[in-house]
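Hi,

Here is the structure I said I would pass on. Have a look at it first, and then read my notes underneath.

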Amino acid sequence: DLEIAQKARLKVEKLNRAKADQGDLLKDWDDIIAMLSEQKQLNANTLSETALTLAQQAQLLMAKPMFYLANCNTTLDGKHVETLEQYAAQKGADVVRICSEIEAEIAQLAPEDQVEFLADANLAEPGLNKVIREGYALLDLETFFTAGEKEIRAWTFKRGSNAQEAAGVIHTDFIKGFIRAEIVSFNDFESTKTIQGAKDAGLWRLEGKSYLVQDGDIILFRVNA
């Protein structure tokens, strides 16, 4: 990271010598290099918006979103975890607690047996679920579903995407051919149990391309062939 940043700064410095107006960029790279020299994470807490954008465009590892995974005892606590959480807080990062011993046992159980095992361990869910959820949150990712006669699929999309952009996740041709989206939220679907039940209850709705897709939406896209 430091080598990449120094080379980028040198390039900007050469442009300055050619009387190009790159003064602000030079300062941004100086800020990035200073943070890297101190082995500090590059984020919104340590850099300006423009400097952070430069670091991300350069794909610097220290500018990547991150969280810490703590392998704990079966009670998911301990002084070492608390120390890690204090350290992570200084870096502006979260800590996810899991127990590898418990996770290994869960992996060997049938789905119907996992529920009982988790209850006995006083856990609401497997640690892997927490890891995935934390990763999605850091990357601003969410999930929508498509359901047909042959298959049900989950699709990952960037939070804040509209219906037309979400359709493009399935196939890029769907962006140009987008007509409308027929949608039911997951909570509404769960309350009615079926798509037809959601339609009968008036919970199945039509949305245009500007609709902002929500996490858990079940969508049928209508597109031109």
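**What turned up**

Helix α7 gives the most to the lining of the largest pocket, with three residues. Before going further, please keep in mind that this is a predicted model.

Let's stay with that pocket for a moment. Its volume comes to about 290 Å³, and 19 residues line the space. Along with α7 (127–138), the helix α3 (49–57) also gives two or more residues to the lining. If you want to find the centre, look for Asn43, Lys64, Pro65, Met66 and Leu138, which lie nearest to that point. As for the character of the lining, ten of the residues are nonpolar, five are polar and four are charged.

Next, the charged side chains. Side chains of opposite charge can pair when their charged atoms come close. A search of the whole structure turns up twelve salt bridges. Here are a few to look at:

- Glu38 and Lys40 meet through their side chains, at 3.1 Å from N to O. Glu38 has 47% relative accessibility, so this residue counts as partly exposed. Lys40 is also partly exposed, at 37%.
- Asp140 and Arg159 form a salt bridge at 2.5 Å, again N to O. This pair links distant parts of the chain, with the two positions 19 residues apart: Asp140 sits in the loop between α7 and β3 (141–147), while Arg159 sits in the loop between β4 (152–158) and α8 (163–170). Asp140 is partly exposed with a relative accessible area of 35%, and Arg159 is partly exposed at 39%.
- Arg180 and Glu182 make a salt bridge in which the closest N and O atoms are 3.1 Å apart. Arg180 counts as partly exposed because its relative accessibility is 31%. Glu182 has a value of 6%, so this residue counts as buried, the cut-off being under 20%.
- Arg9, Glu13 and Asp30 are joined in a network of salt bridges.

Now for a charged residue without such a partner. Asp28 belongs to helix α2 (residues 23–37). What is the nearest side chain of opposite charge to Asp28, and how far away is it? The answer is Lys27, at 5.6 Å. A salt bridge needs the nitrogen and the carboxyl oxygen to be within 4 Å, and Asp28 has no salt bridge although it is buried. Leaving out residues up to four places away in sequence, Asp28 touches Ser48, Thr50, Ala51 and Leu54.

The last stop is Ile218, which is found in strand β7 (residues 218–223). Is Ile218 buried or exposed? Its relative accessible area is 8%, so Ile218 is buried. Which residues does Ile218 touch, not counting those up to four places away in sequence? They are Phe145, Ala147, Glu182, Ile183, Val184, Phe189, Ile195 and Trp204. You will recognise Glu182 from the salt bridge with Arg180. The C-alpha atoms of Ile218 and Phe186 are separated by 6.4 Å, with the two residues 32 apart along the chain.

If you open the model with these notes beside you, I would start at the pocket, where α7 gives three residues to the lining, then look at Asp28, buried and without a salt bridge, and finish at Ile218 in β7.

Cheers

Key. Residues numbered from 1 in each chain as written. Predicted model: local features only at pLDDT ≥ 70, side-chain atom pairs only at ≥ 80, totals over all residues. Heavy atoms only, no water. 1 Å grid on protein atoms, 1.4 Å probe; cavity = no way out; pocket = protein on both sides within 12 Å on 5 of 7 lines; lining within 4 Å. Points joined across faces, edges and corners; volume = space filled by probe spheres on them. Helix = DSSP H or I, 4+ residues; strand = E, 2+ residues; numbered from the N terminus. Nonpolar A, V, L, I, M, F, W, Y, C, P; charged D, E, K, R; others polar. Buried < 20%, exposed > 50% of the residue type's maximum accessible area, 1.4 Å probe, protein only. Lys, Arg positive; Asp, Glu negative; His and termini not counted. Contact = heavy atoms within 4.5 Å.
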